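Q: Could you teach me how to read helix packing and empty space in a protein model, giving the general idea before each case?

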Amino acid sequence: MKKLPAFLDMYSQLIAIPTISSIEKKFDQSNRTLIELLATWLQNVGFKTEILAVENSQHKYNLLATYGEGQGGLLLAGHTDTVPFDEGRWTFDPFKLTEKDGKFYGLGTADMKGFFAFVLDAIAQIDLTKLTKPLRILATADEETTMLGARTFIQHTHIRPDCAIIGEPTSLRPVRAHKGHIGKGLQIIGKSGHSSDPAKGINAIELMHQATGYLMQMRNELKEKYYHADFAIPYPTMNFGSIHGGDAVNRICACCELQFDIRPLPNMQLADLENMLRDKLAPMFEQYGDRLTLRNLHEATPGYECEHTAQVVQVVEKLLGEKCEVVNYCTEAPFIQQLCPTLVLGPGSIEQAHQPDEFLSSEFIQPSRELLTKLIYNFC
């Protein structure tokens, strides 16, 4: 078996490969080169690897690497893509790992290509022949946009690990629950006309005003009916994020669109929320029919919660000496959780995610190496 490159060499190579995912095709990039590099490194230390094309994607791939046979064991998971970067706002080259004052700068250093360097570094410290349960590494695509990599993977895989760790940047504090995310667009088509005679047209802004009233009723009901004490904001939220309508002050507005999101609590059914939304807007659809269109801005992500009684929660809390947290941002956990109990836990701070001059502090390096090594020994 070949030796792995040094930790910083692996880290540098991962950051140097652009893997931006974007809903705008001109910015979207394939992750194939990075997936193949990870596969080569893992093959060199004895892992069996599968490169899996992600259906209905723009040349995106998942990687599943396995050491050992059978079910059970540990799954270490993460996404290979990054968000786009703000050109002109970075002090450092986003695609060159740069160390300065104890910080490692680069796009994906924290969120979260760097996690794979930490995993490989831990593997290099372990005698894999002593493992009695399989160790699996999962690298996914398009977490930053559609989560299509994780969605596709769980539909086709037959693995059933004992537990999984998703290495998002949590400052090495374990996370066992987060809210989901639903993005919606409501478009209303009116009828244009001269503003001097409003009765001859149908003003889409006025109709949107009515529709927004119904949505605000739903927002209040969500707050009153649903509660989860572990969250700082203990109810599902609805936010009106953007609205666009009209083109001239002296024309009756012919089109208006509102984009809004809902963040459901864990264990809330997405279908129930969809039905609630349709029921609230039913008077508008009954009165105006096909003038209204309600669409998904992206496929919804459900909330996620790993029960406190799960073995992985007990083990991780004991190793770290602290209780698991709940957070408001989304991860792939709701999907990986369908395979096995799952925690979100990794080096770097979420405050650095999606920011110019993203960095990971060097203080995470040794604790991450030690924690990953202990997790592999505990579960494999």
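A: A crossing of two helices is called left-handed if the near helix is turned anticlockwise from the far one by less than a right angle, and right-handed if clockwise. Helices (H or I, at least four residues) and strands (E, at least two) are DSSP runs numbered from the N terminus. Here, the crossing of α7 and α9 is right-handed. This is a predicted model, in which local features need pLDDT of at least 70 and side-chain atom pairs count only at pLDDT 80 or more, while totals for chains, interfaces and linings use all residues. Residues are numbered from 1 along each chain as its sequence is written, and side-chain values use heavy atoms, with hydrogens and water left out.

Q: At what angle do α7 and α9 pack?

A: Axes are lines fitted to C-alpha atoms, for helices over the stretch in contact, and angles run from 0 to 180 degrees between N-to-C directions. Helix α7 (residues 311-320) packs against helix α9 (residues 365-379) at about 140 degrees, with the axes 11 Å apart. Angles under 35 degrees count as roughly parallel, over 145 as roughly antiparallel, 65 to 115 as roughly perpendicular and the rest as oblique; α7 and α9 are therefore oblique to each other.

Q: Which residues of α7 and α9 meet?

A: With contact meaning heavy atoms within 4.5 Å, Q311, V312, V315, V316, L319 and L320 in α7 meet L371, K374, L375, N378 and F379 in α9. The residues of this contact divide into eight nonpolar, two polar and one charged, where Ala, Val, Leu, Ile, Met, Phe, Trp, Tyr, Cys and Pro count as nonpolar, Asp, Glu, Lys and Arg as charged, and the others, Gly among them, as polar.

Q: How many cavities of 30 Å³ or more does the structure hold?

A: Rolling a probe the size of a water molecule over the atoms shows where empty space is left. On a 1 Å grid over the protein atoms alone, a cavity is a set of points where a 1.4 Å probe fits but cannot get out, and lining residues have an atom within 4 Å of a point. Grid points are joined across faces, edges and corners, and a volume is the space filled by probe spheres set on the points. The structure holds two such cavities of 30 Å³ or more, and the largest has about 60 Å³ of space. Its lining includes L371 and L375, and α9 gives the most to that lining, with four residues.

Q: What classes of residue line the second largest cavity?

A: The second largest cavity, with about 40 Å³ of space, has a lining of eight nonpolar, no polar and no charged residues.

Note on methods:
On a 1 Å grid over the protein atoms alone, a cavity is a set of points where a 1.4 Å probe fits but cannot get out, and a pocket is an open set with protein on both sides within 12 Å along at least five of seven lines; lining residues have an atom within 4 Å of a point.
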